Amino acid sequence: MKKAKSLAIGRWISRPDLKWVVSERSEIHEDEEIVTSQDVEKFYIFIETEGRQAGRPPISTLLQNIWNWKMKKSPLPVQNLSGKEKQRSCGKEALVKLLRWNFGHPDFRGNQLEAIQAVLSGRDCFCLMPTGGGKSMCFQIPALAKTGIVLVISPLIALMENQVTALKEKGIAADFLSSTQTSQLKNKIHEDLDSGQPTIRLLYVTPELIATSGFMSRLKRIHSRGLLNLIAVDEAHCISSWGHDFRPSYRKLSSLRNHLQDVPILALTATAVPKVQKDVIDSLNLQNPLVLKSSFNRSNIYYEVRYKDLLDDTYADLCDVLKSAGDVCAIVYCLERTTCDDLSTHLSKNGISCAAYHAGLNNKLRSSVLDDWLCSKLQVVVATVAFGKDVRIVCHFNIPKSMEAFYQESGRAGRDQLPSRSLLYYGVDDRKRMEFILSIAENKKLQSSNSQQGSSKKSMSDFNLMVEYCEGYGCRRKKILESFGEQVSASLCKKSCDACKHPNLVTKYLEELTAAIAVRQRHGFSKILMSSSADAIENERFSEFWNRDDEASGSEEDISDSDDGFEVAKSVSRSKFSKTSGINEKMELLQRAEENYYQNKAHDKKANKPDKNAISTMLRESSKQRLLDALKQAHQRLGDLKVDCEASSTILENECFKKYGKSGKSFYYSQVASRIRWLSTTSSAAEIANQIGTSITTSPSVNITHKEEASPIMASTALHDEGGKEEKEVIGELQRGKIESVKPLPLQMQTKLPPIPSFSQFVNRSKSKEIQQSEEKEPLSTLPKKRMRLQ
Ligand SMILES: Nc1ncnc2c1ncn2[C@@H]1O[C@H](COP(=O)(O)OP(=O)(O)OP(=O)(O)O)[C@@H](O)[C@H]1O
Ligand SMILES: [Mg+2]
C-alpha cells in the first residue's frame, strides 16, 4: 500500500459520513494510507466527499480546522541558528517556508521578501506599501527567522491589540505593553524581557513608552545580550509634521539610532508623499536604507461618493446601503463621538447589528465591542478611530481632513484583496465644518509655535484635495493616486469608481449639488454648523491617530482612556440605552459613575486641579447649534412645528445646562444628546411644541410681538429659578435684539417646561419609548423616496 503524506485528516462533526483530508498532494487514492507529517513544503486540500458534494463545510471552516490542528501539534519552527545556517535562514526558500507554515500564505507579495531580507541582513529599510499590502509581514517573518526580539512601534493600542491577538492565535509569542494591561501582566512581560532567554518574539509598544528612560535602559540591556533583532516603526508617517497624522511622540524615535546603533530599523507606511518619505528617513536617521515603494492603487476597492445635500435622509440611505450589502462587515467613520453614538443608535433601531467605538468609551466597553466585532457578533462599527479587521465596506459619514487620512481609513476595506467598497457621504455643511476646524486648529498651532508657519496652508490644501475628490468631475481613483504623486491614466480604474461607472449620473449629481448650494446661499443658509464642532476642536480628535496634548508630558499611552466614572456614564447614557437588556447593570454603572464623579471632583478641588470637565462657552454654543439643527430637521420632517427654532434651541440648551451644568461635561452632554435623539426620532410635532412650552394649537394672534416683552416670558419659563448667568445673558441678548432671528415668543412659554428627567427616569423613559417606537416603527419602504440613487 502506498503512503500519502497528509497534514490532517478528520470527520466533520455535523456530517460524520464525510471525511476531510489535507494532503501535500492534490489527490489521494483510495488505497492510500494517510500518514501525518509536519515537515512538508506545500499542502493541498483534498476533500473526500464520498460521492456527495452537498453538505460540505465551507473552505474557510476547513482551513480553520487545519489551523487548529497544526497549532496544537507543532512547535514554532524557530531555531537558534548560527553561521551558514543563519545565512540559509535568510534565503527565499526558508522564508517562504516560514510564511506558509505560520501564516498559511503560499508566497510573498509585492516587496515583502526584499524588505525582510534587507532587515535580516542588518540593513535599514523604508517600505512604502498600500494599505492592506502586508506590511506587518515584513517584521513578523524576521521575528520568526531569528531568535531574539523584534520591537514594533505602533500608534494605536487598538491596532496593537488586534495584531497581538491574531499572532497569539497562530501560536506566535507576541505581546504589547500599555496602560490597558494590569500591572501584573506588565510585570510578567518585563520579567520575560529581563530574563536571559525571553520567550517573546514580537513586542508591540507605543512611541511614548520608547521615550521613557526606564524602557530605553531595558532595551539597551536586551540589545547588549544580542537579542534585539529589529525595530519596526509602523505607520512611520506619524513622525513627520508634514504627514496627516503627525504625533509629537513619534519625533522622539529619532533617539533610537543613537541609543541602539547597530539595530536595523524598518520604517513602514502606506501614506507618505515624497516630502514625508524624506522626513521619515531623516528623522529616524536611517543609514543607507533600502527604499521600497509600491503603487498606492487599491484595485479591489470601488470608490463612491454620495451627496448628503441631495439625499432626503442620509441616515436612511446608509441603512439601505448596509442592508442591501447583506451580512458583511463594515466600518462607518464619523468625525465626532456624538455622531458615532447617534448614528449607531439609529442603525441599531433599523435592525442593523451595530455599535459605537471611540475613545469616549471606557476600556471594558471598547474591548467588548472589539470582541463582538471580531467574532462577527456585530456587523457594523461606527467609529472615530482605526479599527483593525478585514471589512467589505468602509463608509465615511463625514468628509475626512485629508486624502492621506481618507486613503488610510478607506484602505481598511478589502485588505484580504477581495472586492470591497469605499463610500463617502459628502455634505457642504461637513466641508465648512472641517474648514472651520482646520483653521482653528492651525491658528492654535501658530499661536503656540512659530515653527509651524505654513502648515496652516498645508492642511487646508490637503483638505482641498479631498473636496476636489468629492466635488470634482472625473475618475476618483485617479484623483487618489495623483494626490500621492502617481501619474496614471483613467483606464486603470476599469470602471471601479462611481464617476467611471456612471459618469452621466455623477455629472448630474454634481450639477444638482451646485444648484442646491446656490439655493441655500440665496436663502441665507450659509451659516453652517460651525460651532457644532467645538468639541472636536477642543479635543482635536478628528484624525485616526489623533495628536494628544499630553504627549509632551511623557505619558506612555496614546488613546487609552481613563476608566473613570465619566466614561462609564457617557458610554452608558449615549450608546447603550438602545439595548433593553441589562438595564439594571447599566443603572448601577451610572450610579457608580456619578459617585466616582463627585469623589473625583472633591479630590480635584482639594488638589486645586483645573476642572477638565468644565463646560466651555464653545461647547454650549456647539450644543445649541446641534439642537437647532435637530429642530430644523424635525421641522422639515414633521411640517410646521410652530415654534421658533432659534429660541427653542436656546431654551433646550439652557435647560440641560441648568440641570446638569454643575455635574460636568459628560452629564451635560448626554442630556443634550438625549434631546437631539428625541427631536430626531419623535413623530409628533405637537409633542415637540409641548415640550418646548408652546402648543401647536395656539392661535398666532396670542403671540407676543414686542421684543421688550420677551424678558418676562423667558423669566417665567424654565429659566425662572437659579437660572444663573447664562440664562440672563440670553435674556439680555434677546432684549438687546442680539439674537437676530428670534421671533416673537408664544404666550404658552409662560407655562413651566417639563422637568428634565433624572438619570434613572431618563433610562426608564428611553427604555419604554424604545419599545413604543419599535411598535410604531414605519417600514423602511415608507421612507421618503430619495433623489439620489447611484446603483
Ligand atoms: N504574502 C501574503 N499573501 C497573502 N496575504 C497576505 C500576505 N501578506 C499579508 N497578507 C494578508 O494581507 C492582509 C493585510 O496585511 P497587513 O495588515 O500586514 O497590511 P498593512 O500593509 O499593514 O495594511 P495597513 O496599512 O492597513 O496597516 C492580512 O490579512 C494579511 O494576512
Ligand atoms: Mg499595518
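**Group meeting: two sheets, a ligand and a ring pair**

Okay, let's start with a pair of strands: β16, residues 393-396, and β17, residues 420-426, run parallel and are joined by four bridges. If you want one spot to click on, take cysteine 395, whose bridge partner in β17 is leucine 423. Before I go on, please keep in mind that this is a predicted model.

So where do those two strands sit? They belong to an open sheet of six strands, and the order is β12-β17-β16-β13-β15-β14, with parallel pairing. At the edges you find β12 and β14, the latter being residues 354-357, and each of these pairs on one side only. As for the twist, neighbouring strands here are turned by 15 degrees against each other on average, ignoring direction.

Now the other sheet I want to show you. This one is also open, has seven strands, and reads β7-β8-β6-β9-β10-β5-β11, again with parallel pairing. Its edge strands are β7, at 174-176, and β11, at 290-293, each with pairing on one side only. The twist from one strand to the next averages 15 degrees. Let's zoom in on the β11 end: β5, residues 125-128, pairs with β11 in the parallel sense over four bridges. There, leucine 128 stands opposite lysine 293 of β11.

Okay, on to the ligand. Which residues come nearest to ligand 1? Out of the 18 around it, those are Gln112, Gly132, Lys135, Ser136 and Arg415. That shell splits into four nonpolar, seven polar and seven charged residues.

Let me walk through some polar contacts. The side chain of glutamine 112 has an N or O atom 2.9 Å from a nitrogen atom of ligand 1. Aspartate 107 uses its backbone instead, with an N or O atom 2.9 Å from a ligand nitrogen. Glycine 134 also comes in with a backbone N or O atom, 3.0 Å from an oxygen of ligand 1. And how much of the ligand is covered by protein? On its own, ligand 1 has 650 Å² of accessible area, and the protein covers 84% of that.

Last stop, the aromatics. The count is nine aromatic pairs, and I'll show you one of them. Phenylalanine 296 and phenylalanine 484 have ring centres 4.3 Å apart and planes at 15 degrees, so this pair counts as stacked. Phenylalanine 296 is in the loop between β11 and β12 (301-307), while phenylalanine 484 is in the loop between α19 (476-483) and α20 (498-501), so the pair ties together parts 188 residues apart in sequence.

That's my tour; over to you.

Key
Residues numbered from 1 in each chain as written. Chains lettered and ligands numbered in written order. Predicted model: local features only at pLDDT ≥ 70, side-chain atom pairs only at ≥ 80, totals over all residues. Heavy atoms only, no water. Near = heavy atom within 4 Å. Polar contact = N/O pair within 3.5 Å; in protein donor to acceptor, adjacent residues only side chain to side chain. Areas by Shrake-Rupley, 256 points an atom, 1.4 Å probe, with all protein chains shown as cover. Nonpolar A, V, L, I, M, F, W, Y, C, P; charged D, E, K, R; others polar. Pairing = 2+ DSSP bridges. Axes fitted to C-alpha atoms, helices over the stretch in contact; angles between N-to-C directions. Phe/Tyr/Trp six-rings, centres within 6.5 Å; stacked < 30°, edge-to-face > 60°.
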